[in-house]
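Student: Can you walk me through this protein? I'm new to reading structures.
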Amino acid sequence: HQSRYGHVSDHSSELNGHGPLRLVRHPHDQQRHHRSDGCDVPRAVIALPLILLGIAWLQELIDQLVFAGRLNLAMGPGTPWWSLFTAPFSHGGFGHLLANSLVFLPLSYLVLARSTRAYVAVWIAVILMEIPVWLFWPVGAHGLSGVVYGLLGYLLLIGFLERRPLAILLSLITLLLFGSALPGLLPWASPAGVSWIGHATGFIAGLIAVKVVQKEPQASGSS
């Protein structure tokens, strides 16, 4: 017999009509079950940039409302090592944070369209590239712009190296929408008070992330 729960095995012929019925799960039901278990993965991917950005906004709200703008978590000469991790979430005011937010989110989702591994690689590379700036650069820096330029560098290079339709499309979209930010890599083109060195090291980190992710096995595709 067939039921909506799967195959029903009837052993009545063997037991003179008095045998029990045994429910057997249909293979398609198992596939549907596994697919439903994996539905949280896209949600987690969508939430990741929002959570990271939420940390930056929470920090800025506490800074402005509680400490009147004096809670500076920037990295720079004499700051502790953990400032490498707090600097991306620290900003010089709501205007600074809003400007970074409007670029950070779309670039984040463009990289995540490639893979979660690539997104994490960009973040790690940006933090590692902060180390020489923290050790040797005479001026402190903070803000998400280093990560923004890391995402930008990754997206611009990925299409050139992979030459696949998705990678090329991501590079073209990035160049068209955010190519105007590239002069921020140059010291003479950056406004006063803007850390061009943070932009440049972030951009280089994005390029490094492309090469690192490319070398990793892609047997299971995007993750």
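Tutor: We'll go through the fold, the surface, the empty spaces and a few residues.

Student: What should I know before starting?

Tutor: This is a predicted model: local features need pLDDT of at least 70, side-chain atom pairs count only at pLDDT 80 or more, and totals for chains, interfaces and linings use all residues. Residues are numbered from 1 along each chain as its sequence is written, and side-chain values use heavy atoms, with hydrogens and water left out.

Student: OK. How many helices and strands are there in the chain?

Tutor: Eight helices and three strands. Both are DSSP runs, numbered from the N terminus: helices are H or I with at least four residues, strands are E with at least two. In sequence order the pattern is β-β-β-α-α-α-α-α-α-α-α.

Student: And what share of the residues is buried?

Tutor: Of the 223 residues, 38% are buried. Buried means under 20% relative accessible area, exposed means over 50%, and partly exposed is in between (1.4 Å probe, protein chains only).

Student: Switching to the surface. Which residues form a nonpolar patch there?

Tutor: Leu58, Leu61, Ile62, Leu65, Val66, Phe67 and Phe94, with about 640 Å² of accessible area together. That area comes from the Shrake-Rupley method with a 1.4 Å probe; for residues, only the protein chains shown count as cover. Patch residues have over 30% relative accessible area and no salt bridge; like charges are joined within 9 Å, nonpolar side chains (Val, Leu, Ile, Met, Phe, Trp, Tyr) within 5 Å. A salt bridge is a side-chain nitrogen of Lys or Arg within 4 Å of a carboxyl oxygen of Asp or Glu.

Student: Which helix gives the largest share of the patch?

Tutor: Helix H2 (residues 40-66), with five residues. Val66 is in helix H2, and Val66 counts as exposed because its relative accessibility is 58%.

Student: Now the empty spaces. How many cavities of 30 Å³ or more are there?

Tutor: One. Its volume is about 150 Å³. Of its 15 lining residues, the closest to the centre are Met75, Glu130, Gly143, Gly146 and Gly198. On a 1 Å grid over the protein atoms alone, a cavity is a set of points where a 1.4 Å probe fits but cannot get out; a pocket is an open set with protein on both sides within 12 Å along at least five of seven lines; lining residues have an atom within 4 Å of a point. Grid points are joined across faces, edges and corners, and a volume is the space filled by probe spheres set on the points.

Student: Which helix gives the largest share of that cavity lining?

Tutor: H8, with four residues.

Student: What about the largest pocket? How much space lies in it?

Tutor: About 510 Å³. It has 22 lining residues, and the closest to its centre are His96, Asn100, Ser145, Val194 and His199. Helix H4 (94-112) supplies the largest share of the pocket lining, five residues.

Student: Any odd backbone angles?

Tutor: Most residues other than glycine have a negative phi. Ala68 has a positive phi, near 55°, and lies in the loop between H2 and helix H3 (83-86). Arg163 also has a positive phi, of about 55°. Arg163 is in the loop between H6 and helix H7 (165-178).

Student: Last one. Is Ala118 buried or exposed?

Tutor: Buried, because its relative accessible area is 0%. Ala118 sits in helix H5. Not counting residues up to four places away in sequence, Ala118 touches Val111, Tyr154 and Val213. Contact means heavy atoms within 4.5 Å.
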